[in-house]
Structures are given as structure tokens and as C-alpha cells.
Amino acid sequence: MLYQVYPRSFADSDGDGVGDLRGITGRLDHLVDLGVDAVWLSPFYASPMVDFGYDITDHCAVDPVFGTLADVDALVAAAHARGLRVLVDVVPNHTSDRHPWFAESRSSRDSGRRDWYVWADPGPGGGPPNNWLSAFAASGPAWTLDGRTGQYYLHSYTAAQPDLNWQNAAVREAVHDVLRFWLERGVDGFRVDAAHRLVKDPTLADNPADVAHLRTALVPGGTRLRHIDQPGVHEVLREVRAVVGPDTLLLGEIGVADPTRWAAYYGSGDELVPLNPTFWSRPCTTDALRSAVDTTEAVLPPGGWPVYALGNHDLSRLATRCGSARARLAAVLLLTLRGTPLVYYGDELGMTDVPVPPEAARDPDGRDPARTPMQWDASPGAGFTTGRPWLPIPPTAGTVNVAAERADPGSLLNLYRALIRLRRRSPALRTGDYRPLPPTDPGLYAYWRQAGDQRILVALNATGRSRTVAPPGTSTGRLLLSTDPDRPLGECPDPLVLAADEAVVVESDR
Ligand code: GLC
């Protein structure tokens, strides 16, 4: 099981209101207690923080707000000592506009690094070269004119994040060196940011209008023009794989809506493991959840192993999108599917989007509400900071926090802990097949997981009324877990009827 930490928001060791590496190291025992195998750290590199670390000025330096390289080493050592692996974010698609590479590139058309970024002449009439838009709703066109040299540069995100030109071999080599640098420091893998964008259409043709943006959840009306991922991207990702070797975990952010094109990023096991975006734009209903999983299973290449996430730092919080009852059900789904679960920090507590008043807004794409400080306890700084937190801590932190939920047997945190323990000791849940039951009742989503002679049935009722899983006389086995903390476990009830929004895990004896 994987866990994503957003370093600004996990734990602040020095009271400046911003989370840091030492803070994370001090809280690793929470991850151990939860049952995490590997932690993914969002960027902590030197950055002007226009996009909070996804705009980098030095990929091999730590921003002082987060600490030092020695703090990274200490974190990695402390994690390894606890049996936790560490993945770091790598941002290969773009740099900060204040990166020395870009400063050189923009200095003149003849600069030795001109071709390290994507430059183009103005389009007919003097405007941007084509209709490409930034992925951020507020950022407008993906092109900004550089007055000095009279050309536009491409930026898939804010204008402060110029896209690198991966067609240039020196760029590829420079980013490979960044990967080597972190591997030598002992990290176990990478989450590759915006991996599907590395290669651009060389003809710079206009993009077609798209039906939906993957991240519409936090971007109302966020219909964008789609980036068309290019066939050449697979070759550059194979090169990346060759640099890191077969055993390094490479998780790719692949923001490609078409499932077949998305699955192509597995390559033949020689590219990366694409993070699964199918849940991100769907409601938490039985039908939507089932179709997300079945679509994924249908397109996976042979041997392809899914990594499912229900939340991340770009999306509205799971408990806000689904509501608190269905967040419990979603936890059962995530932890019982065939595939590695990835949990976004705080989702194990049921943290919700925190309203951020306009004057306190920090993010260029409206994502602050899902990035607020981790809620450790009921103290004023929520155990996150002794200072003034960089984003607000909601009043609900008084009860939605690690300490309170640890002490409450019916809490979401204890449901996560129970699910992760169950998964760890069940071969069927860890590695077994996935076989969905035919959807005879559209309100019910049920599937078998089987390995050897262990057979586990998972049934989810993401609807507002009760549903029968097994009619009288057909239900046998042991009820291992329910989202309802008051339901007695042990012998399976006969008939097996799920309450509204309930999910159960049953071990079958036949
Ligand atoms: C990815 C990250 C997002 C960031 C963007 C630009 O989508 O997840 O947070 O803003 O890339 O790096």
C-alpha cells in the first residue's frame, strides 16, 4: 500500500507554518501504524513556489523551506529502518522560468540552450502559435510571448513553468542525471509528473475541443482543449526505464482520458505504472465505481498491475466528493481491489475540503482546499504546527484527527487500519484474481478475489437503500469486515443484506 505525503502540509518541525522534511521523519510511525509499504513525497526541491514545488529551479537541491539534503538522507534512512520505501516526485516536463536552463534559453535565439525548451514563432496575425491551452483553467493559452526574442514559449501549466523539449538529447540526458542523483541517495522510486506530456506534436497542430478535463472536480467548468499524447512519448519513457532499471518503482501521472491510450503507458513492462485516473472524475455510485474498475481491468496489458488512488493533491478530497458514508465504502473498495492502493494523506481520517477565503488562496489552480494541514490532534495547530499554518485548519479538526480517531473503534482511521491488516494477511486480497459478479442488481457491486483456495467476496452498496447480496439459504462463510462498526462479525448473516452505503468483506467457505 502506498501513501502520498504533500510535504508542505504533513508536519511542521520548525514552527514556520509550513511542513518540512524533519516533520515527515518525525511522523513516520503513523505510516507504520497504518500499514504503509511505500511513501510518495510530492516535490521538496528548490522552487519559487508558484506551483508549490512543481516549478523547480534545481532538481537536485532541497528548498530551504523544507530543509536540506541531509534531511532527505535522514528521512530515507528512518523510512528504510521502518521497512518503508521512499518515492520522490520527478518533474520532467517543465522547470521554473527561473531555472538557469531557461534563463539561458530565453537569453537569445542563438543560445546554446535555446532548443532545451519549446519555442515557436507567432501564429498568423501575431498571436500564439496555435490554440493550445494551459492545463490550469485560470492560466489561459499555453504560450507566452518572450518580448526580447520575439518568440513564444510553451507552458502546459502556468507561464512560470516552461516546458522542456524532450526531443533534445541533452535535455533527456540532464533529466536522466537527476534520476541517477536521487537513486544514488537511496530513494526507491519515482512518481513521474505529467509523463504523458513529454513529447509534443511536432507540427504544432491545433487541439480538438475535449469533452471533459480529468480534474474538473476542482475546476468548475474546466473543459479544456486536450493535449494529444504523442507516440514518441513511449520511446522516451522506455529510455527512462532503462536508466532506472527494472526494479525501481516508476509511477506515472498519465492524464489521458482514453483508457486504451492510458494503458499503453505500461509498454511491455518497460515503461512505467500509470496511476489510474478512472475514479477521479466519477461520482461515488455503484455503477460508476464498477465501471471504473471494469474498464481498467479490460484494458490492462498482460501482467499489468493497477495502482488505484481515490485522491491526490490536485483533486477535491474524497470525503467531500463522496460524503462521509461513501468515503468508508470507497476505503473498502480501494483496499480490496486487485492492484496497489494509494492513499492521499488525511483521506484515512476523512479530511474534507477546507474552504479557503479568496484573500488566503495560494494555488494558481484552486486546489488549496484539498491541501490543508494534516490533522494530528485537537490542539490549535492540529499537531501540525506551533505557528500559523500556511492554509487554514478547519474546526472539524477537533474530532477528525489521528489521536481522536485512533481512540475510536468505529472511526474511519480504524476502518483503514483493519482493511490494511486484512489485506496484508490475505493472499486472495493481495494477489488474487478479480472476478466481478454479474450486475443483476444495478445498485450492488460485488466481486470475488481468489488465490489458491481462499475466496473472498466484497460487496458494495453505493446507493441510498438496502440491497440483498445473498438471498435466504445461500449465504455462507465468515463476515470479516463491514463499514458499519456495529455489525457483528463472524458467521455470515443469512440472508446477507447490505444497508444503504454499506460495504462488506466475506470469506467464503466454498
Ligand atoms: C501535475 C501535478 C500538479 C502540478 C502539475 C504541474 O499535474 O500533480 O500538482 O500542478 O503537474 O507540474
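In the predicted model, eight strands close into a barrel, following the order 1-2-5-9-10-11-12-13 with parallel pairing. Within this sheet, neighbouring strands are turned against each other by 25° on average, direction being ignored. The closure can be followed at strand 1 (residues 2-5) and strand 13 (residues 340-344), which run parallel and are joined by three bridges; one residue of the pairing, Gln4, has Tyr344 of strand 13 as its bridge partner. Elsewhere in the barrel, strand 9 (residues 189-192) and strand 10 (residues 249-252) run parallel and are joined by four bridges, and here Arg191 stands opposite Leu251 of strand 10. Strand 10 also pairs with strand 11, again in the parallel sense, over two bridges, with Gly252 having Pro274 of strand 11 as its bridge partner.

The ligand is surrounded by 13 residues, of which Asp51, Asp193, Glu253, His313 and Asp314 are the closest. By character, this shell divides into seven charged, three polar and three nonpolar residues. Polar contacts to oxygen atoms of the ligand include one from the side chain of Asp193, in which an N or O atom lies 2.8 Å from a ligand oxygen, and one from the side chain of Glu253, for which the corresponding distance is 2.7 Å. In addition, a polar side-chain atom of Arg367 lies 3.0 Å from an oxygen atom of the ligand. Taken alone, the ligand exposes 300 Å², and the protein buries 100% of that area.

A second sheet, which is open, consists of six strands in the order 14-15-16-21-18-19, and its pairing is antiparallel. Strand 14 (433-436) and strand 19 (490-491) stand at the edges of this sheet, and each has a single partner strand, so that one side of each is left without a neighbour in the sheet. Inside the same order, strand 18 (residues 478-482) and strand 21 (residues 503-507) pair in the antiparallel sense over four bridges, and Leu481 has Val505 of strand 21 as its bridge partner.

A search of the whole structure for disulfides finds one, formed by Cys284 and Cys322, whose sulfur atoms are 1.7 Å apart in the model. The pair links distant parts of the chain, the two cysteines being 38 residues apart: Cys284 lies in the loop between strand 11 (273-276) and helix 8 (286-299), whereas Cys322 belongs to helix 9 (residues 318-322). Strand 11, which precedes the loop holding Cys284, is also one of the strands of the barrel.

Two features of the backbone geometry remain to be described. The peptide bond from Asp494 to Pro495 is cis, with omega near -5°, and Pro495 itself lies in the loop between strand 19 and strand 20 (496-498); strand 19 is one of the edge strands of the open sheet. The other feature concerns Met49, which has a positive phi of about 65° although it is not a glycine, and which is found in the loop between strand 3 (45-46) and strand 4 (58-62).

Methods. Residues are numbered from 1 along each chain as its sequence is written. This is a predicted model: local features need pLDDT of at least 70, side-chain atom pairs count only at pLDDT 80 or more; totals for chains, interfaces and linings use all residues. Side-chain values use heavy atoms; hydrogens and water are left out. A residue is near a molecule or strand if one of its heavy atoms lies within 4 Å of it. A polar contact is a pair of N or O atoms within 3.5 Å; within protein, one must be able to donate a hydrogen and the other to accept it, and residues adjacent in sequence count only if both atoms are side-chain atoms. Accessible areas come from the Shrake-Rupley method with a 1.4 Å probe; for residues, only the protein chains shown count as cover. Ala, Val, Leu, Ile, Met, Phe, Trp, Tyr, Cys and Pro count as nonpolar, Asp, Glu, Lys and Arg as charged, and the others, Gly among them, as polar. Two strands pair if DSSP finds at least two bridges between them. Axes are lines fitted to C-alpha atoms, for helices over the stretch in contact, and angles run from 0 to 180 degrees between N-to-C directions. A disulfide is a pair of cysteine sulfur atoms within 2.5 Å.
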